[in-house]
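This report describes the fold and selected local features of one protein chain. Please keep the sequence and the structure in view while reading.

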Amino acid sequence: MDERVAIEHLKQGNIAGLEILVQLHQIRALRAVFLITQDYALAEDIVQSAFVRAFERIHQLDPDRPFGPWFLRSVINDALKASSRRARLFSLDRLVGTFDGQRFETGMPGHFDHEVEQSIEAVETRAEIQAALTKLTVEQRTAVVARYYLQLNETEMAEIMGCARGTVKWYLHHARRRLKTMLHPL
């Protein structure tokens with residue numbers, strides 16, 4: 001069953017169509033929301049709720065437009081709202097497991113071959129990029145995720161983020177500048 005058939009099933013009230021849409025869009029949506037919110041459990045909740053809402057509101061989907069962008073707009077808006085709410089709150093749970101920003105070496109003896117060293121460096125680089133992303137504003141982080149992870153163009157980003165193209169460009173410009181400063185040694 002393809003996406004169009006799945007949507008038709010949903011419009012007829014058959015929830016079986018939702019399974020296909022989940023298979024097609026869940027992983028991408030979950031990754032995007034996680035990159036924005038920095039919270040995997042919250043990302044799962046947001047994506048799950050968005051699928052339920054999509055089922056309930058499938059009749060609002062323009063039949064000439066694909067499901068993916070319509071769904072991603074909903075998911076990203078929810079991620080932005082959740083991040084905004086979390087920014088106003090502070091939880092002591094956030095402090096659990098932190099090490100005051102210090103790195104701890106494993107102290108593993110022995111000689112690593114070149115491939116293992118490259119793998120370790122790649123993991124460290126991803127971790128540093130992830131840490132730098134958390135220091136961006138929610139809007140900047142959303143713009144970076146939408147552009148470089150979801151590979152959306154500025155018009156699509158503006159539609160999903162609910163702002164003008166110029167604002168999207170501004171978010172991206174400042175995000176790139178901040179990331180360049182934070183990741184300069186890389």
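From the N terminus on, the elements of the protein follow the order α-α-α-α-α-α-α-α. The model is a predicted one. In total the protein has eight helices and zero strands. The protein consists of 186 residues, of which 32% are buried. Among the contacts with a separation of 6 or more, 63% join residues that are 24 or more positions apart.

**The crossing of H2 and H6**

Helix H2 covers residues 16-37 and helix H6 covers residues 138-149; their axes come within 9 Å and cross at roughly 150 degrees. The crossing of this pair is right-handed. Which residues of H2 and H6 make the contact? On the side of H2 they are Ile-27, Arg-28, Arg-31, Ala-32, Leu-35 and Ile-36. On the side of H6 they are Val-138, Arg-141, Thr-142, Val-145 and Tyr-149. By character, the residues of this contact divide into seven nonpolar, three charged and one polar.

**The beginning of the chain**

His-9 is part of helix H1, which spans residues 3-11. With a relative accessibility of 23%, His-9 counts as partly exposed, because this value falls between the limits of 20% and 50%. Leaving aside residues up to four places away in sequence, His-9 touches Met-1, Asn-14 and Gly-17.

Gly-17 belongs to helix H2. Is Gly-17 buried or exposed? Its relative accessibility is 0%, so Gly-17 counts as buried. Beyond residues up to four places away in sequence, Gly-17 is in touch with Met-1, Ala-6, His-9 and Leu-10. Met-1 thus appears in the list for His-9 and in the list for Gly-17. Gly-17 and Asp-2 are 15 residues apart in sequence, and their C-alpha atoms are 9.2 Å apart in space.

**Aromatic residues**

A pair of aromatic rings is described by two quantities, the distance of the centres and the angle of the planes. The structure holds five such aromatic pairs. One of them is formed by Phe-67 and Phe-71, whose ring centres are 5.3 Å apart. Why is the pair of Phe-67 and Phe-71 described as stacked? The planes of the two rings are at 15 degrees, and planes under 30 degrees apart count as stacked, so the pair falls into that class.

Phe-67 and Phe-71 both lie in helix H4, which runs over residues 67-88. Because they are four residues apart in this helix, about one helical turn separates them. Phe-67 has a relative accessibility of 0% and so counts as buried. Phe-71, at 1%, also counts as buried.

Phe-67 and Phe-71 form one aromatic cluster together with Phe-51 and Trp-70. Trp-70 is likewise found in helix H4. With a relative accessible area of 27%, Trp-70 is partly exposed. Apart from residues up to four places away in sequence, Trp-70 touches Ala-54, Arg-57, Ile-58, Gln-60 and Leu-61. Trp-70 and Glu-159 are 89 residues apart along the chain, while their C-alpha atoms are separated by 9.7 Å.

Another aromatic ring faces a charge: the charged end of Arg-147 sits over the ring of Tyr-148, at 5.9 Å from the centre of that ring.

**Two residues with positive phi**

Most residues other than glycine have a negative phi. Where does Gln-38, with a positive phi near 65 degrees, lie? Gln-38 is in the loop between H2 and helix H3, the latter being residues 40-56. A second residue with a positive phi is Gln-151, with a value near 55 degrees. Gln-151 lies in the loop between H6 and helix H7, which covers residues 154-161.

The accessibility of these two residues is set out below, together with that of residues discussed above.

| Residue | Relative accessibility | Class |
|---|---|---|
| Gln-38 | 23% | partly exposed |
| Gln-151 | 63% | exposed |
| His-9 | 23% | partly exposed |
| Gly-17 | 0% | buried |
| Trp-70 | 27% | partly exposed |

Gln-151 counts as exposed because its relative accessibility of 63% is over the limit of 50%. For Gln-38 the relative accessible area is 23%, so this residue is partly exposed.

Technical notes
Residues are numbered from 1 along each chain as its sequence is written. This is a predicted model: local features need pLDDT of at least 70, side-chain atom pairs count only at pLDDT 80 or more; totals for chains, interfaces and linings use all residues. Side-chain values use heavy atoms; hydrogens and water are left out. Axes are lines fitted to C-alpha atoms, for helices over the stretch in contact, and angles run from 0 to 180 degrees between N-to-C directions. A crossing is left-handed if the near helix is turned anticlockwise from the far one by less than a right angle, and right-handed if clockwise. Contact means heavy atoms within 4.5 Å. Ala, Val, Leu, Ile, Met, Phe, Trp, Tyr, Cys and Pro count as nonpolar, Asp, Glu, Lys and Arg as charged, and the others, Gly among them, as polar. Rings of Phe, Tyr and Trp (its six-membered ring) pair if their centres lie within 6.5 Å; planes under 30 degrees apart count as stacked, over 60 as edge-to-face and the rest as tilted. Buried means under 20% relative accessible area, exposed over 50%, partly exposed in between (1.4 Å probe, protein chains only). A charge sits over a ring if NZ of Lys or CZ of Arg is within 6 Å of the ring centre and within 35 degrees of the ring normal.
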